[in-house]
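These are my notes on a structure that I am reading for the first time. I looked up one helix, one interface and one sheet in turn.

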Amino acid sequence: MGEAVSLSRQHEVARALRAFLPQRAVLFDEEDTRPYECDGLTAYRQLPMVVALPETEQQVQRVLITCSKLGVPVVPRGAGTGLSGGALPPGDGVLLSMAKFMRVLRVDARARVAVVQPGVRNAVISEVAAPHGLYYAPDPSSQIACTIGGNVAENSGGVHCLKYGLTLHNVLRLRGFTIEGEPLEVGSEAPDAPGLDLLALAIGSEGMLFVVTEVSVKLLPKPQCARVIMASFDDVDKAGNAVAAVIAAGIIPAGLEMMDRPATRAVEEFVSAGYDLEAAAILLCESDGSAAEVEHEIARMEAVLAAAGAVRLAVSRDEAERLRFWSGRKAAFPAVGRISPDYYCMDGTIPRKRLGEVLNFIAEMEKKYRLRCPNVFHAGDGNLHPLILFDANNAEELERTERFAGEVLEKCVAVGGTITGEHGVGVEKINQMCAQFGSAELELFHAVKRAFDPQGLLNPGKAVPTLARCSEYGRMHVRGGALPHAELPRF
Amino acid sequence: MTLAALQERIRSAVARKTPLRLRGGGSKDFYGNAPRGELLDTRAYAGIAAYEASELVITARCGTPLAEIERTLEASGQCLPFEPPHFGAATFGGCIAAGLSGPRRASAGALRDFVLGVKLIDGRGELLQFGGQVMKNVAGYDVSRLSAGALGTLGLIAEASLKVLPRPPMELTLRLETDEAGALDAMNRWAGEPLPLSATAWHDGALHVRLSGSDVAVKGAAQRIGGAEVGVTAVFWRALREQTHAFFAGEETLWRLAVPSITPPLALGGRQLIEWGGGLRWIRGDDPQIRDTAKRAGGHATLFRGADKSAGAFAPLTPVVLGLHRRLKDAFDPAGIFNPGRLYPEL
């Protein structure tokens, strides 16, 4: 497409949107659209053709109807903190920013439900619930910035999801519009909505199925007390085995996180969390509940960790110390960002029993690709976040990084895990989807997408690769030596 | 029986344009709209494929008896936290396809919350694999949980992995005398406090509350709640879960109303039993206002057991959502051979 054609298209779309949106809510000058060129995955950038900033549900509906009629791709965006490029704009489409949907519509303390607009930040929900002794459980590390709409799109987790679940387990109902502007509601504030579980299908669908304009979330009573153990290990394998030992003892910690020495050292310089810098790895193991319950559980955890070979155990003495221990874990990404020009964060999830094996594999890859890779992860869930350190200005190093990451993710699949536990596929891991799924599953994903969005306009090209892309990537996972549905056209 | 044999059975049904009635132990034949089609009995495809207690995951084939799953978990001190009803010789696959949860639903979560992955045979006879055995997985759409509770309308769940949890070390049940409004108020109030509630039930002036957890937590909460301790706690909750409790006896129609838990007492005729902290209200009888009343409260009513299901077992969907259901059905089962009409007449 020539430059002139796309300019006229840009004006056509902007004019159509300005027919019902105020001028300042439709952006297309480069200086205005530049801030939207990427999300938290900055390696991929694209200027959107147009940015739309609606404020009301009716405006969202009209944006969608307009785009649907004009055949213009639409990419919804929350705070833009996503790590997989799910909100990477379409060069030929509209970036639909939900940033103005910032209202908390209802906090019903008695029903333990909050109804919020999608642009409300994750941490705000717990803040407005706090006066009632309630909170919203999923706490991704980016919780001060990320929005509930983005959490719904990615099915975000956090450090407490081993015990309290993911976004999926804590969202009751969504309201929104299909790309054709049809209003719909999925889920319910009553249990078990009738029909197929479209709520489960929508959560984690990366903005590919419909646009969310309202979210009902479950609020939980805040535990009276919480304490965390910092356990030091002189060997990473032992730390991995200790994780399995805690679970095998019948304990479900409120949080169970692991960091290796390169990660604790980077963090300690940044926030002084009080970590044991001599340990090869540390575990943070939290208990919450009533004071008596916590005391009892902490004692049991300490016994299991000591038996699993912990060389040092420190238990938080008060809330300030507990928050300090967690501050390091929560600041791990920015801390690593200080010791390297760039880092590449992976998100594979594996069965807990394979932790040691996969960590050793990552250590081998560090040598093979001559790149450093500190590890921080949600050990209780087996969700790894290895951070490959590199310099994006060095094209050769970026290319090595991507191959390193690709090998690690495929290792995760090989040991029975997945390429992404909570960050989403987006554009980043789209090639690895070809390793995780066969063509029959990918075809079905496309069919699910078409059921909601027949024209393929919502967030196109994300999350699910075309079969053509997989065969180019050379990782088509063919079962039984034959492609299914040989009669179908390959897109 | 092998997976290949199941796939072949499905392909042959497609070729013969013969609808299939997917069925495990037949314990939930009464549930949903009337089953029809040629019987495909899944019980021959059975067995626990993988279970390691420290992974908190069990993977089993669809025909495995649910009782065998629970015995296996119990031997390792674990359980299915959503406490599924059996209603007879239930199978693992049937349990997931029906998507029903028991007394612990309000505190532990629903069946679908524990689904981690499925192997599904679609309406082309294709074996598809979604999710897996890990706790967190956001690769691809969540088809595993979509197939839970779909009553077999999207495909045959050949194998599934569920998250399991340790059994609570201690359980205790308290009984309090209170009227319906008092019970609803208390259940909602307690649910907002950090108490180890694991089940609640009100019927005929008596509120039963089950506490599960560590010794200290349960004893502390029992003091807070008050009432009298009931002797054999498991028997009462099993009778509720399996609907062998006297409330469920007889031929009268049984409605299951799911409503927001704070919904005030419903102005409906018929006997009533409340569970799930107020979120689930069982009603006997044929009050014509039942569906409207549930809808007005922000919930929905299911005709759970009854001789006449001409009103449809499940609450009607909005046209937009029904349209999505139809298109999803076409995506999974283009020939429309799986359990036609069981969920909605249009599917």
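I count a residue as buried if 20 or more other C-beta atoms lie within 10 Å of its own. I note also that this is a predicted model.

Entry one: a helix of chain A. I looked up helix H13 (residues 332-339) of chain A and found its buried residues to be Ala332(A), Ala335(A) and Val336(A). Seen down the axis of H13(A), these buried residues fall within an arc of 95°, so they line one face of the helix. I recall that an α-helix has 3.6 residues a turn, so residues three or four places apart point the same way. I then listed what the buried residues of H13(A) pack against: among the partners are helix H10 (261-271), helix H12 (319-330) and strand S18 (383-390) of chain A.

Entry two: the interface. I found 76 residues of chain A in contact with 65 residues of chain B. Among the elements that give two or more residues to the chain A side are helix H9 (236-248), helix H11 (291-307) and helix H17 (439-452). The largest share, 8 residues, comes from H17(A). By class, I recorded 37 nonpolar, 24 polar and 15 charged residues on this side.

Entry three: a sheet of chain B. I traced 5 strands forming an open sheet in the order S3-S4-S8-S6-S7, with antiparallel pairing. Strand S3 (48-52) and strand S7 (127-131) of chain B each have a single partner strand, so one side of each is left without a neighbour in the sheet. The twist averages 10° from one strand to the next. Strand S6 (residues 115-121) of chain B pairs with S7(B) over 5 bridges, and Ile121(B) stands opposite Leu127(B).

Definitions and conventions:
Residues are numbered from 1 along each chain as its sequence is written. Chains are lettered from A and ligands numbered from 1 in the order in which they are written. This is a predicted model: local features need pLDDT of at least 70, side-chain atom pairs count only at pLDDT 80 or more; totals for chains, interfaces and linings use all residues. A residue is buried if 20 or more other C-beta atoms lie within 10 Å of its own, exposed if 12 or fewer, and partly exposed in between; C-beta atoms are placed from the backbone. Helices (H or I, at least four residues) and strands (E, at least two) are DSSP runs, numbered from the N terminus. The arc is that of the directions from the helix axis to the C-beta atoms. Two residues are in contact if their C-beta atoms, placed from the backbone, lie within 7 Å. Ala, Val, Leu, Ile, Met, Phe, Trp, Tyr, Cys and Pro count as nonpolar, Asp, Glu, Lys and Arg as charged, and the others, Gly among them, as polar. Two strands pair if DSSP finds at least two bridges between them. Axes are lines fitted to C-alpha atoms, for helices over the stretch in contact, and angles run from 0 to 180 degrees between N-to-C directions.
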